[in-house]
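User: Hi there! Could you walk me through this model with a few questions and answers?

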Amino acid sequence: MSVPVLTFFNNKGGVGKTSLIYHLGWMFSYLGKKVLTADIDPQANLTAAFLTEDTIDKIWNEGPAGNTIYQCVKPLTGVGDILTPKLQDIAENLSLLPGDVALSSFEDQLSNEWPNSMNNVNLYRPLRILSAFWQILQIAADKVQAEIILVDIGPNLGAINRSVLIAADYVVIPMGADLFSLQGLKNLGPALKDWKELWTKRLDNWENSNDRKDHPELLLPEGKMRPIGYLCQQYGVRLSRPVRAYDKWVQRIPGVYREAVLGEKAAGEIKQEDDPNCISIIKHYRSLVPLAQEHRKPIFDLTPADGAVGSHANAVFSARDDFEKLSLKIMGKIGLCAGIS
Ligand SMILES: Nc1ncnc2c1ncn2[C@@H]1O[C@H](COP(=O)(O)OP(=O)(O)OP(=O)(O)O)[C@@H](O)[C@H]1O
Ligand SMILES: [Mg+2]
């Protein structure tokens, strides 16, 4: 049985994906889960959130290969095979497969192998390459006995993200309440549907091929990419626009989500606050955010010694409550129970 993969996806950038993965990674681990986080965004922001620059410098430039997602897939660009990933231990129940700015150079190869995987012969190599992220994630999860894999990706509909989505069992869509996020939602719904269908065709092609008999050991992801709901950024400082403008966009999300992502015809208007597809509204945590980044810890772990005093201390407390509730809700949606299983 493979370990479930969850990712956060919107082709509108800056909607809080990396920040959510970072905080949920920590919170899932506090709730007793063994968590693997993976940075498959060439921007490598998740890696920068977890590790110091010195450590990143070391794993990118020195040391044994297999330290980053790119180092693991790099041999595939020649005649080699996937390298076993070496993980960073962040905390007892939390590990990271670091990202790499060099990963963007893998995009072309993933694009080239996509049509090849529908040929009649020589399917092993293209499918090995297209499913490389999933293979590496599963090897990594096995190493640390992870029960859930959280993957951070960049904001686009390119070939790297297609391969991550093929590896994903569940997808959460973070949104800003603005025109650009809504447009992103309209694009990514059909993209998810296409990728799912096209991957299923490739699985069928493999199933019926002679190559499969020569490589019975090759396991492939199912490409479920099930959307489990959206998260919406709270009205506030991030957009510094009047409430009315916020409301105008936020109230359009339920209908667009149902139509573009779930393929359901919107029967009547659903208000965002009544929408079962809205997992949560994400608060703006204001000055706690830079404070937490400075101390390289989640906002809910800030202490008075870090400068979280007075009203900040209360905000830390309430952030812990927010993320605990959000984690439990997401865990419920993907069938992961809190506590030691
Ligand atoms: N709840 C929040 N409150 C305040 N600031 C936030 C919150 N979530 C994220 N931010 C800030 O917003 C910015 C964008 O967030 P983040 O990098 O997580 O977005 P992203 O979707 O991963 O971006 P990209 O598309 O570039 O990968 C960052 O500076 C982050 O610190
Ligand atoms: Mg990001």
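Analyst: Happy to; here come some notes on conventions, then the sheet, the helices, the ligand and a few single residues.

Analyst: This is a predicted model, in which local features need pLDDT of at least 70 and side-chain atom pairs count only at pLDDT 80 or more, while totals for chains, interfaces and linings use all residues. Residues are numbered from 1 along each chain as its sequence is written, and chains are lettered from A and ligands numbered from 1 in the order in which they are written.

User: In the open sheet of 8 strands, what is the strand order?

Analyst: Strands (E, at least two residues) and helices (H or I, at least four) are DSSP runs numbered from the N terminus, and two strands pair if DSSP finds at least two bridges between them. The pairing in this open sheet is mixed, and its order is β3-β4-β2-β5-β1-β6-β7-β8.

User: Which are the edge strands, each pairing on one side only?

Analyst: Neighbouring strands of this sheet are turned by 25° against each other on average, direction ignored. Axes here are lines fitted to C-alpha atoms, for helices over the stretch in contact, and angles run from 0 to 180 degrees between N-to-C directions. The strands that pair on one side only are β3 (88-91) and β8.

User: Which residue in β4 is the bridge partner of Ala91?

Analyst: β3 and β4 (residues 94-97) pair in the antiparallel sense over 3 bridges. Within β4, Ala91 has as its partner Leu94.

User: Which residue in β6 stands opposite Thr7?

Analyst: Strand β1 pairs in the parallel sense with β5 (residues 148-152) over 3 bridges, and there Val5 stands opposite Ile149. With β6 (residues 170-175), β1 also pairs in the parallel sense, over 3 bridges. Opposite Thr7 in β6 is Val171.

User: Are Val5 and Thr7 on one side of β1, and Leu6 and Phe8 on the other, buried or exposed?

Analyst: A residue is buried if 20 or more other C-beta atoms, placed from the backbone, lie within 10 Å of its own, exposed if 12 or fewer, and partly exposed in between. Both faces of β1 (residues 5-8) are covered, and these four residues are all buried.

User: How do α7 and α8 pack, oblique or parallel?

Analyst: Helix α7 (residues 132-144) and helix α8 (residues 159-167) pack at about 50°, with their axes 8 Å apart. Angles under 35 degrees count as roughly parallel, over 145 as roughly antiparallel, 65 to 115 as roughly perpendicular and the rest as oblique. Therefore α7 is, relative to α8, oblique.

User: How far is Asp142 from Ser2 in space, C-alpha to C-alpha?

Analyst: Asp142 sits in helix α7 and counts as exposed because it has 12 C-beta neighbours inside 10 Å. Asp142 and Ser2 are 140 residues apart in sequence, yet in space their C-alpha distance is 9.1 Å.

User: Which helix gives the largest share of the shell around ligand 1?

Analyst: A residue is near a molecule if its C-beta atom, placed from the backbone, lies within 6 Å of it. Ligand 1 is surrounded by 17 residues, the closest being Gly13, Lys17, Thr18, Ser19 and Pro155. The largest share, 3 residues, comes from helix α1 (residues 17-30).

User: Is Met225 buried or exposed?

Analyst: Met225 is in the loop between α10 (211-214) and β7 (226-233). Although not a glycine, Met225 has a positive phi of about 35°. Because Met225 has 22 C-beta neighbours inside 10 Å, it counts as buried.
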